[in-house]
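Ever wondered how people decide which labels to stick on the parts of a protein? Let's take a few labels and check them one by one.

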Amino acid sequence: MTAQLPARKPARPFFSSGPCAKPPGYALEKLATESLGRSHRAKIGKTRLQYCIDLMREVLGLPDTHRIGIVPGSDTGAFEMAMWTMLGARPVTTLAWESFGEGWVTDAAKQLKLDPTVLRADYGQLPDLGAIDWSNDVLFTWNGTTSGVRVPNADFIPADREGLSFADATSAVFAYDIDWSKIDVATFSWQKVLGGEGGHGVLILGPRAVERLETYTPAWPLPKVFRLVSKGKLAEGVFKGETINTPSMLAVEDAIFALEWAKGLGGLTGLQARSNANAAALNKIVEERSWLSHLCADAATRSTTSVCLSVEGADEAFIKAMAGALEKEGAAFDIAGYRDAPPGLRIWCGATVNVEDIEALGPWLDWAYATTKAA
């Protein structure tokens with residue numbers, strides 16, 4: 001007997017963890033297009049790039065001590081740019097509790113050959129943050145997109161640290177409070193919490209990171225797209241809209257739309273309220289079902305953006321069939337867990353998702369689970 005289809009579908013069944021759902025009300029025709037077909041170095045291009053940077057600063061509440069640059073290669077490009085230009089001056093500690101953190105371990109150990117100290121934890125858990133030696137440079141992922149585990153806050157980072165703190169914050173910015181005095185380097189991409197397009201990264205540098213760039217030269221060669229210093233000084237133009245290489249102005253206008261939408265919500269607090277409401281609605285769904293559980297058992301370190309769920313008795317094939325059935329019905333797109341993570345579901349609860357769509361998802365999860373189990 002086939003389980004009965006639920007009566008109501010999510011109106012916007014976009015639950016991918018990247019690229020994520022576009023902001024509600026989004027439409028291509030709403031984007032400003034005057035900068036398209038023009039040089040990014042023309043006045044109109046520079047003005048729009050600077051406006052995008054200014055909006056990010058305003059919505060994030062980023063202090064004037066920190067610079068913001070738009071760089072190539074999404075979050076990966078931004079984080080690797082930071083690693084390649086600043087690491088090597090001190091010993092390095094890397095934290096890994098999911099696949100992207102492991103990627104930075106690989107870069108530090110195998111590409112840069114820095115012999116890092118590695119603090120690991122299994123999917124669903126955090127390593128011991130108290131075990132970090134802050135005389136080292138420290139690399140960590142603020143929100144593990146593929147495990148649904150985040151650091152609870154920045155309290156584990158000492159104000160008097162000797163090394164630099166490098167935060168891959170791509171699923172965290174615009175969703176959590178971040179104490180920027182504790183962050184020397186942060187990176188993210190527009191495609192996560194803002195629901196923007198991929199391909200561009202954002203690099204945030206605090207004063208200690210700028211000092212490192214101006215006083216230390218790495219032993220390895222740097223490709224042009226990584227170079228942040230000219231004649232021993234920070235290339236300030238990068239942080240004023242003079243990008244290293246040609247950006248997509250369409251992607252920039254897309255990000256501006258999302259940032260203006262965020263500003264209209266009240267900025268950071270409005271974004272956080274939406275994300276928290278979505279996470280709470282999904283948590284209610286989980287608590288009401290014995291066959292569904294959080295991969296991260298500790299609520300204090302559980303992501304409110306990329307929520308990862310375990311399905312009782314499910315292997316990779318079961319999850320693929322379950323997610324495929326939901327996609328076929330147009331009830332939920334892209335909710336299978338990350339390929340390197342334990343088999344499970346991953347549902348984006350960031351601010352661009354509407355809470356009523358999360359609420360409508362519960363009966364559909366029941367249907368897909370029952371249908372797949374029966375098959």
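Here is a round of questions and answers about this predicted model.

Q: Why is the pair of Phe14 and Phe333 called an aromatic pair, and why tilted?
A: The ring centres of Phe14 and Phe333 are 5.7 Å apart, and the cut-off for a pair is 6.5 Å, so they qualify. The planes make an angle of 50 degrees. Stacked needs under 30 degrees and edge-to-face needs over 60, so this pair ends up as tilted. The search of the whole structure finds twelve aromatic pairs.

Q: What makes this pair a tie between parts that are far apart in sequence?
A: Phe14 sits in the segment before α1, while Phe333 is in the loop between α7 and β14, so the pair ties together parts that are 319 residues apart in sequence.

Q: Are Phe14 and Phe333 buried, exposed or partly exposed?
A: Phe14 has 40% relative accessibility and Phe333 has 22%. Buried means under 20% and exposed means over 50%, so Phe14 counts as partly exposed and so does Phe333.

Q: Which residues form one aromatic cluster?
A: That would be Trp134, Phe140, Trp142 and Phe156.

Q: How do you know that Lys22 lies over the face of Tyr26?
A: Lys22 is 4.6 Å from the ring centre of Tyr26, and the distance limit is 6 Å, so that part of the test is passed. The label also asks for a position within 35 degrees of the ring normal, and Lys22 is indeed listed as lying over the face.

Q: How do you know that the length of helix α3 agrees with what a helix should span?
A: Helix α3 has 13 residues, and at 1.5 Å a residue they should span 18 Å. The end C-alpha atoms are 17 Å apart, which agrees.

Q: Which residues of α3 are buried, and what covers them?
A: In α3, the buried ones are Ser99, Gly101, Trp104, Val105, Asp107 and Ala108. Their cover includes α2, β2, β3, β4 and β7.

Q: What makes Glu98 a cap for α3?
A: A side-chain oxygen of Glu98 lies 3.2 Å from the backbone nitrogen of Phe100, at the N-terminal end of α3. A polar contact needs N or O atoms within 3.5 Å, so that distance fits. Just after α3, Lys113 takes a positive phi of about 55 degrees.

Q: Why is Asp179 called partly exposed?
A: Asp179 has 35% relative accessibility, so it counts as partly exposed. Asp179 lies in the loop between β7 and β8.

Q: What does the side chain of Asp179 make a polar contact with?
A: The partner is the side chain of Ser181, at 2.6 Å. Set against the limit of 3.5 Å, that counts as a polar contact. The C-alpha atoms of Asp179 and Ala154 are separated by 6.2 Å, although these residues are 25 residues apart along the chain.

Q: Why does Thr243 count as buried or exposed, and which is it?
A: Thr243 has 5% relative accessibility, so it counts as buried. Thr243 lies in the loop between β11 and α5, and its side chain reaches the backbone oxygen of Asn245 at 2.8 Å. Leaving out residues up to four places away in sequence, Thr243 touches His40, Arg41, Leu49 and Ile70.

Q: How do you know whether Leu49 is buried or exposed?
A: Leu49 has a relative accessible area of 0%, so it is buried. Leu49 belongs to helix α1. Among the residues it touches, not counting those up to four places away in sequence, are Gly241, Thr243 and Pro247.

Q: Why is strand β13 called largely enclosed?
A: Five of the six residues of β13 are buried, so the strand is largely enclosed by the rest of the structure.

Q: What makes β13 a paired strand?
A: β13 shares three bridges with β12 and four bridges with β14. At least two bridges are needed, so both count as pairings. Each runs in the antiparallel sense. In the pairing with β12, Leu292 has Val311 as its bridge partner, and Val307 stands opposite Ile347 in β14.

How values were computed. Residues numbered from 1 in each chain as written. Predicted model: local features only at pLDDT ≥ 70, side-chain atom pairs only at ≥ 80, totals over all residues. Heavy atoms only, no water. Phe/Tyr/Trp six-rings, centres within 6.5 Å; stacked < 30°, edge-to-face > 60°. Helix = DSSP H or I, 4+ residues; strand = E, 2+ residues; numbered from the N terminus. Buried < 20%, exposed > 50% of the residue type's maximum accessible area, 1.4 Å probe, protein only. Expected span 1.5 Å × (residues − 1). Contact = heavy atoms within 4.5 Å. Polar contact = N/O pair within 3.5 Å; in protein donor to acceptor, adjacent residues only side chain to side chain.
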